[in-house]
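Here is a walk through one protein model, from charged pairs to strands to a pocket. Keep the structure open while you read.

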Amino acid sequence: MLYSINHILSLLVNAQDGPLGKTVDCYFDDRSWKIRYLVMDTGTLLPGRKVLISTAEIRGIEMIALNLGLTKEKIQQSPEIDHRLPISRQHEHDLRY
């Protein structure tokens with residue numbers, strides 16, 4: 001199914017163990033133009049911190065929510081990312097949960 005980017009950027013995010021936050025941005029692959037990562041605002045779980053979520057972790061998309069195959073604990077352990085810098089394939093190893 002095709003979704004507009006505006007729809008994707010307004011989705012609530014559910015971890016395996018409950019609601020987590022919402023999507024606020026995304027990174028595209030510069031060759032295929034596929035979305036490679038979603039940027040997520042985790043709200044009160046990690047205040048002031050945005051988290052990159054690989055599209056490989058998406059288990060389903062509903063009308064208002066994105067379901068991930070990750071727990072809140074795994075997301076809390078994710079590495080700090082500087083969103084002003086480009087994400088390269090070298091960073092993918094660090095982003096794997």
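Is Lys50 buried, exposed or partly exposed? The model is a predicted one, and in it Lys50 has a relative accessible area of 33%. That value makes Lys50 partly exposed, because it falls between the 20% limit for buried and the 50% limit for exposed.

Lys50 has a charged partner. Its salt bridge is with Asp41, and the closest N and O atoms are 3.9 Å apart. Asp41 is partly exposed as well, at 23%.

Side chains of opposite charge can pair when their charged atoms come close. Across the whole structure, the search finds three salt bridges. Another one joins Asp29 to Arg36, with 3.6 Å between the closest N and O atoms. Here Asp29 is buried, at 9% relative accessibility. Arg36 is partly exposed, at 23%. Arg59 and Glu57 also form a salt bridge, and their closest N and O atoms are 3.7 Å apart. Arg59 is exposed, at 54% relative accessibility. Glu57 is buried, at 11%.

Now turn to the aromatic rings. A pair of rings is described by the distance of the centres and the angle of the planes. The count comes to one aromatic pair. Phe28 and Trp33 form it, with centres 6.1 Å apart and planes at 50 degrees. The pair is tilted, because that angle is neither under 30 degrees nor over 60. Phe28 is partly exposed, at 39% relative accessibility. Trp33 is exposed, with a relative accessible area of 61%.

Next, look at strand β1, residues 12–15. Val13 and Ala15 make up its covered face. Leu12 and Asn14 make up the uncovered one. β1 pairs with two strands. With β2, residues 18–28, the pairing is antiparallel and runs over four bridges. A hairpin of two residues joins β1 to β2, and Ala15 stands opposite Gly18 of β2. With β6, residues 65–68, β1 pairs in the parallel sense over three bridges. There Leu12 stands opposite Ala65.

The last stop is the second largest pocket. Rolling a probe the size of a water molecule over the atoms shows where empty space is left. This pocket holds about 170 Å³ of space. Its lining includes Met1, Tyr3, Ile35, Leu38, Ile58 and Ile61. Strands β3 (35–41) and β5 (58–61) each supply at least two lining residues. What is the chemical make-up of the lining? Nine residues are nonpolar, one is polar and none is charged. Thr55 is the polar one, because Thr is in neither the nonpolar nor the charged group.

Definitions and conventions. Residues are numbered from 1 along each chain as its sequence is written. This is a predicted model: local features need pLDDT of at least 70, side-chain atom pairs count only at pLDDT 80 or more; totals for chains, interfaces and linings use all residues. Side-chain values use heavy atoms; hydrogens and water are left out. On a 1 Å grid over the protein atoms alone, a cavity is a set of points where a 1.4 Å probe fits but cannot get out, and a pocket is an open set with protein on both sides within 12 Å along at least five of seven lines; lining residues have an atom within 4 Å of a point. Grid points are joined across faces, edges and corners, and a volume is the space filled by probe spheres set on the points. Buried means under 20% relative accessible area, exposed over 50%, partly exposed in between (1.4 Å probe, protein chains only). Two strands pair if DSSP finds at least two bridges between them. Rings of Phe, Tyr and Trp (its six-membered ring) pair if their centres lie within 6.5 Å; planes under 30 degrees apart count as stacked, over 60 as edge-to-face and the rest as tilted. A salt bridge is a side-chain nitrogen of Lys or Arg within 4 Å of a carboxyl oxygen of Asp or Glu.
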